[in-house]
Each structure stands twice: as structure tokens, then as C-alpha cells.
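Me: I'd like a close look at one part of this model, the parallel sheet and the helices that pack on it. Could you walk me through it in one go, and then say what else is worth a look around it?

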Amino acid sequence: LIKTRFFSTQKPLVNYWQIKRKMVEDNANPNEALFQSIGLEKKVVQNTLKNKKLTEQLSAILQEGAISPKKPCPKTQGSLFYSLAGKINPSIRQPLVLVPYILENKIKTNQQLDEALKYLKGRENIEVEELEKASGVGIEVSTQEVRDSIQELLDRNKEQILEERYSFNFGKILKSVRDIGNMKWANGKEITTTLEELKVAMLGPKGEEEGKGKKKAKPKKKEEAKKEAKKEEFEEFKKERLSSLLGRELASSQNTEKALAQQKEATGGKVATRFPPEPNGYIHIGHAKAMRFSFTVAEDYKGICYLRYDDTNPDKENDEFIENIQTCVKWLGYTPYKVTYSSDYFDKLYDYAIELIKMGKAFICCQNKEEMSAGRNNCTESPFRNRSVEENLELFEEMRTGKIEEGKACLRMKIDMKHPNPCMRDPVAYRIKNKKHPRTGDKWCIYPT
């Protein structure tokens, strides 16, 4: 009876999912389809739409280029449009002048885009010839030119390369080749691939153990002397009064007389300390110990102590923990000279990261956590360690603009993969975190470690 009554109506049954789909379509952000039309992945589009400023800038660029879901553009051009939108700032007065250059494939790489933006910075009047010259418009670097330029550098260093083989630092070849002729405008991936080919042609296939290096066994007497020296040093350390300790007590880490004189002139001889908790939980007795050390040493030397929040990981940090830490510091009777945050310096830290990449001292690594850990344990370099500066800059920009998924890439510093301290074996400097920061909001999706 129930079934009869239920199906007796002549009206067609309503499909819930059809209604749901229609509601989503009606409420969809028009920019979502627009941004997807330039080849951006769905997740990148969603992150972009959360950033009002970036959304407005990218929309204006695509409008200038007459790009629409019905008239899309190639993904390579879309990537450049996206990079342009993320790099626009008040000092660049006429960024839209670059749109036709990208559409006509006159500007084809991020290197060209960066040089064009440098030219536009602070300019009201633009000379077309100067702009095109500055950004390498019309310059084509052939495969043969790339090959000849790299071969020239390999020949210059041939004696050392043959001696060191795959332990040779080929990163300096990748860096130096950009200074030859028009190589500044060459394709970064082509340079890397060509170098690999010429390297094998010169040295033959790489052996399993090549490039890893071997630790030289130290004479037994030196090892024993070193252990004895460390033991004596530790005994002296224990005799020191806690609050009388100064930084860099180890002889190997002491500052020069010149550096000490500069420090004294800058501080007037006062000691500056800091208590730097990470605001990802409530502080405990261990924090109280560190807090007492930092504040009492400063007081003993008539110096100052900062309360510095190390808020570089948005996963667990929030305002509740920030407020609780300040309450506990006050409750224990301490008054900070000043309260600061690591996030106050995110822009400056980002600029430093760019400088490190340009100096060839940092690289984008795409190893996963297990591979990176194994490399550190075995003292073996990442296969991505010798990327070109240009490629590293492009990938870092993709990290910053949300084009690379969390966990798929990070920025590592080039230090020493054979350092006795595993923490110094090319540590991670920046990683991707798609989380809202309690102080900077959605401005960043990459954070310093």
C-alpha cells in the first residue's frame, strides 16, 4: 500500500545530485573557469581564489590578453601569466605591457620575464627597444651554441675533472655557462641535459661508488688526542658558573678580535639574549628552565632579553598558545625587552633564499622524506643538487605560488653531505605548507624551517 501511494503521482522523481550540481554551477566563481583555461591545476586555482590581490591581478592580465574559457591559451603561456601576476608590485607601473610579448612568444621563459620586470621597475616611460634588449626578445640560442659553450668550460677544467671524475663540482659549470655570450637566455633544462651528455662522453658511465667520496681514516694518535682534548674541555665547561657563560665557548667557534670589537661598539658591551618558543602548544618545565637562563644571563650583564616567537610552522601554531606563553612569562616574573616573531621577517627571509639560490648555495630538492633521510645517513648527494640557478629559481617561484603540492619539493642549502653532524648535510631551508598562518594569513604557502 505504501509503495502504491508513493509511486502513484504522475510527477517525475527529482534527482538530488542534479539539483546539487546545478547549485554548485550557479554559485561557482567565474574566475575559476577562467584560471583553469590557462592550464592551472584545480588546487592551484582554489589557492589563488583565496588570495584577493593575486586573483585581481591575474584577472586583469587575462582580460588584457582577451583570454577566456572559450579562448584559452597554451599552458606555457598560462604559467608565465601566473608568474607575472605574482610578481607585480607598486614599483612596476605598467606590467600589462608584457602581456602581448607573452602571447606572441617573444617572452618564453621566467628568466626573460624577470629581466623585463627589472626594466619596468620604477619607469613611467618605456622604450620598446630597451625593453626588448633587456628581456632578450628575439634572441634564440641554438642547441649547438649550448653544446659548444658547455664543452668550452669542460675543456678549461678538463685536468681537474679527469682527476676528480664525478666528485667534481659540476654546479659551477652550470653557473658559469650563463656568462658566455647569449647563454643567459638559453633553456635551463637543455643546459642540464647537455651537460649530462657531455659529462658521460668525457668520463664514461658513472660507477656505483663514484661521487660519494670516502672518509679517510685518521691516525689513531690524533683520534686519541682529540678525545682527550674534548674531555678536558668538558671538565672546564662544568666548572663555569651557569650565568657567566658566553656564546661560542668552543675554541673552534670563537669570534675574531675584529668581530668582537664591532660587536662591542654596536651593543656597548651589553649582552642580548632571547627566549624563542614555538607557539604550537602550552609551555612546560623545560621551557621554564630555558626562560630562566635567558632572562637571568641578560640581567647579570645588564643586557636585554627578547621574547621571540619561532612561528614558522602554521600546522599547529595559533593565537591561544601565543597569548598563553606571554601570560606564563609574566607570571614567572620576567619582562621581555621586546616581543618579536619570526613571521615579521618572512619577506626578508624569502629575499635571502633567492640570494642563496643565485649564489649557487641552495637548490630545489624533489626527494621524498625517506629518500632524503637515506641520503643524509649514507652521505650521498641529492640527484637534484646540481640543478641550474635558473631552474631552481623557476621551481622556487612555483613553490611560492602554490603550483607544487605539499611534500613534493623543498629548498635545501648546499653545505656538506659528508659533515660529521647529520643536521649540516644539506638541511631544508623552506618547505611547502598549505595552511593559514595565525599572523600572515594566506600570504604564504612556503615557510622557512
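Reply: Here's the parallel sheet, followed by the other sheet, the cysteines and the confidence values.

Keep in mind that this is a predicted model. The part you're asking about is an open sheet of three strands, ordered S1-S2-S3, and the pairing is parallel. Strand S1 (272-275) and strand S3 (338-341) sit at the edges, each pairing on one side only. On average, neighbouring strands here are turned by 35° against each other, if you ignore direction.

Let's start at S1. Its partner is strand S2 (residues 304-309), and the two pair in the parallel sense over four bridges. If you want to find the register by eye, look for Phe275, which stands opposite Leu307 in S2. Likewise, Thr273 has Cys305 of S2 opposite. The chain gets from S1 to S2 by way of H16, and this β-α-β crossover is right-handed.

Now look at which way the S1 side chains go. In general, side chains in a regular strand alternate between the two faces of the sheet. S1 does just that: Thr273 and Phe275 point to one face and are buried, whereas Ala272 and Arg274 point to the other face and are not buried. So the two residues I used for the register, Thr273 and Phe275, are also the ones that count as buried, with under 20% relative accessible area.

Next come the helices. Helix H16 (residues 285-300) packs on the sheet and touches S1 and S2, with its direction at about 165° to that of S1. Helix H17 (residues 319-331) lies across S1, S2 and S3, and runs at about 155° to S2.

Further along the chain there's another open sheet to set beside this one. It has four strands in the order S4-S5-S6-S7, and here the pairing is antiparallel. The edges are strand S4 (362-365) and strand S7 (446-448), each of which pairs on one side only. Neighbouring strands are turned by 20° against each other on average, again ignoring direction. S4 pairs with strand S5 (residues 410-413) in the antiparallel sense over four bridges, and Ile364 has Leu411 in S5 as its bridge partner. Helix H19 (residues 369-378) lies across S4, S5 and strand S6 (428-432), running at about 10° to S5.

A quick word on cysteines. The structure has zero disulfides. Take Cys366: the nearest cysteine sulfur belongs to Cys365 and is 6.6 Å away, so Cys366 is in no disulfide, given the 2.5 Å cut-off. Cys366 counts as partly exposed because its relative accessibility is 33%. Cys379, with a relative accessible area of 10%, is buried.

Finally, how far can you trust the coordinates? The mean pLDDT of the chain is 85, and 84% of its residues reach 70 or more. Over residues 213-217, though, the pLDDT is below 50, and that stretch has two contacts in the model beyond near neighbours in sequence. Residues 238-250 are also below 50, with 15 contacts beyond near neighbours in sequence. Where pLDDT is low, the predicted coordinates shouldn't be read in detail.

Definitions and conventions. Residues numbered from 1 in each chain as written. Predicted model: local features only at pLDDT ≥ 70, side-chain atom pairs only at ≥ 80, totals over all residues. Heavy atoms only, no water. Pairing = 2+ DSSP bridges. Axes fitted to C-alpha atoms, helices over the stretch in contact; angles between N-to-C directions. Contact = heavy atoms within 4.5 Å. Buried < 20%, exposed > 50% of the residue type's maximum accessible area, 1.4 Å probe, protein only. Right-handed = clockwise from strand over helix to strand, strands pointing away. pLDDT = per-residue confidence, 0-100.
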